[in-house]
Amino acid sequence: VVLSATGLYRDAFHNVMMRLANAVKRVAALKEEANPIWRNSQRIRQELLAQGVSEDDAEYLSTVRVFSNESGDYGSGTDELAWASDQWESDAVIASNYMTKMGYYFGADRSRWGKKITDSNGAPINLYGKQLSGTDIALFSRSSNLYGMLSSDDPFEYFGSLALAIRNLDGKSPDMVISNLRDANQAKAEDAALFMAKELRTRMFHPRWIQEMQKEGYSGAVAMSARMDNFFGWQVVDPNLVRSDQWDEFFDVYVNDKLELHLDEWFEKTNPEALARMMQRMLEAE
């Protein structure tokens, strides 16, 4: 079990992070073969000792499972780099940047919060990567009907970055799962690809949603363009969640105007740059 916290959660819920860190430490002390937290802690302890980390630090760090970025810093660094696709050829660059930025540990000892560890030569050790390696499932909750996986860059920037990092560590992305809490009486675990496909069908590709965006004029065009940027972000961090026919649908709806909403005229009148940006994304994805 590994917990990745945004800077906002780190600042607002440090008491919750401490309780979680203490819980993990207690479970890590239970020497049971069926206890994966104890087994992983033992593995990481031995790896840290082999890299020259002291006995005390290796024992403590092997039980740390809560990570965030450095205190005072915000953002995972994934969004801007993923969008700037002219600056990289391999997503390993983004994965490395993400783990470096989000690799500060927050364990049961508050005096050692927000730090990183180095080996005997002073080189940084990727403790976050050690703990992420072997992850089978990445889980993210959605409790609001307003926010989905494309309404901001945060879902792909944080949730999606887990798939990116684990794929670069282990060669395979984990199963991506949404904890769908939108109906408190019918909470369910839902495949993230299905969750995003439904969001596309009911928003970006739905005539009523598009018409409401058209009423907003310039900002409505910005909202459309921003959601495509975020869809492209998902293409980068976890291609398993994105289908080719979804890109085709973007083209048919927004360029070929299959819904007959006169989008070309509307964009030209309200915000032609937004459509140009969307077309650039489509060409790059292609």
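# A quick tour of the strands, helices and a few residues

Three strands, in the order β1-β2-β3, make up an open sheet with mixed pairing. At its edges sit β1 (3–4) and β3 (104–105), each of which pairs on one side only. Keep in mind that this is a predicted model. Elsewhere, strands β4 and β5 pair in the parallel sense, and helices α10 and α11 pack against each other. Here's the rundown, topic by topic.

**The open sheet and Ser68**

- Strand β2 (residues 66–68) runs antiparallel to β3, and two bridges join them.
- Which residue of β3 is the bridge partner of Ser68? That's Tyr104.
- Ser68 has its place in strand β2, and its relative accessibility is 0%, so it counts as buried, the cut-off being under 20%.
- Setting aside residues up to four places away in sequence, Ser68 touches quite a list: Ala5, Thr6, Gly7, Arg10, Lys101, Met102, Gly103, Tyr104 and Phe106.
- The side chains of Ser68 and Asn69 are joined by a polar contact of 3.2 Å.
- Phe13 doesn't appear in that list of contacts; the C-alpha atoms of Ser68 and Phe13 are 12 Å apart in space, with their positions 55 residues apart in sequence.

**Arg10, a contact of Ser68**

- Arg10 belongs to helix α1 (residues 7–12).
- Is Arg10 buried or exposed? With a relative accessible area of just 3%, Arg10 is buried, because that value is under 20%.
- Its side chain makes a polar contact of 2.9 Å with the side chain of Asp11.
- If you skip residues up to four places away in sequence, Arg10 touches Met17, Ser68, Asn69, Glu70, Ser71, Gly72, Asp73, Tyr74 and Phe106.
- Phe106 is touched by Arg10, and Ser68 touches Phe106 too.

**The β4-α8-β5 unit**

- Strand β4 (residues 137–142) and strand β5 (residues 175–180) pair over six bridges, in the parallel sense.
- To get from β4 to β5, the chain passes through helix α8 (residues 154–170), and this β-α-β crossover is right-handed.
- Want a pair to look for? Ile137 stands opposite Asp175 in β5.
- Ser173 sits in the loop between α8 and β5.
- That residue, Ser173, has a relative accessible area of 8%, so it is buried.
- A polar contact of 2.8 Å links the side chain of Ser173 to that of Arg167.
- Not counting neighbours within four places in sequence, Ser173 is in contact with Ala163, Arg167, Asp238 and Asn240.

**After β5: Asp183**

- Move on to the loop between β5 and β6 (188–191) and you'll find Asp183.
- Asp183 is partly exposed, because its relative accessible area of 35% falls between the 20% and 50% cut-offs.
- At 3.0 Å, the side chain of Asp183 reaches the backbone nitrogen of Asn185.
- Asp183 and Asn145 are 38 residues apart along the chain, and their C-alpha atoms are separated by 9.2 Å.

**Two helices that pack: α10 and α11**

- Helix α10 (residues 207–215) packs against helix α11 (residues 218–237) at an angle of about 130 degrees, and their axes are 7 Å apart.
- Why does α10 count as oblique to α11? The angle isn't over 145 degrees, as roughly antiparallel would need, and it isn't within 65 to 115 degrees, the roughly perpendicular range, so the pair is oblique.
- On the α10 side, the residues that meet α11 are Trp209, Ile210, Met213 and Gln214.
- On the α11 side, their partners are Gly220, Ala223, Met224 and Arg227.

**The loop between α12 and α13**

- Two residues to check out here are Asp257 and His262, both found in the loop between α12 and α13.
- Asp257 isn't a glycine, yet it has a positive phi of about 55 degrees.
- For His262, phi is near 55 degrees, again a positive value in a residue other than glycine.
- Asp257 counts as buried, because its relative accessibility is 14%, under the 20% cut-off.

**One more stop: Gln42**

- Gln42 is part of helix α3 (residues 36–50).
- At 29% relative accessibility, Gln42 counts as partly exposed.
- The C-alpha atoms of Gln42 and Ala28 are separated by 8.8 Å, and these two residues are 14 apart along the chain.

How values were computed. Residues are numbered from 1 along each chain as its sequence is written. This is a predicted model: local features need pLDDT of at least 70, side-chain atom pairs count only at pLDDT 80 or more; totals for chains, interfaces and linings use all residues. Side-chain values use heavy atoms; hydrogens and water are left out. Two strands pair if DSSP finds at least two bridges between them. Helices (H or I, at least four residues) and strands (E, at least two) are DSSP runs, numbered from the N terminus. A crossover is right-handed if, with the strands pointing away from the viewer, the path from the first strand over the helix to the second runs clockwise. Buried means under 20% relative accessible area, exposed over 50%, partly exposed in between (1.4 Å probe, protein chains only). A polar contact is a pair of N or O atoms within 3.5 Å; within protein, one must be able to donate a hydrogen and the other to accept it, and residues adjacent in sequence count only if both atoms are side-chain atoms. Contact means heavy atoms within 4.5 Å. Axes are lines fitted to C-alpha atoms, for helices over the stretch in contact, and angles run from 0 to 180 degrees between N-to-C directions. Angles under 35 degrees count as roughly parallel, over 145 as roughly antiparallel, 65 to 115 as roughly perpendicular and the rest as oblique.
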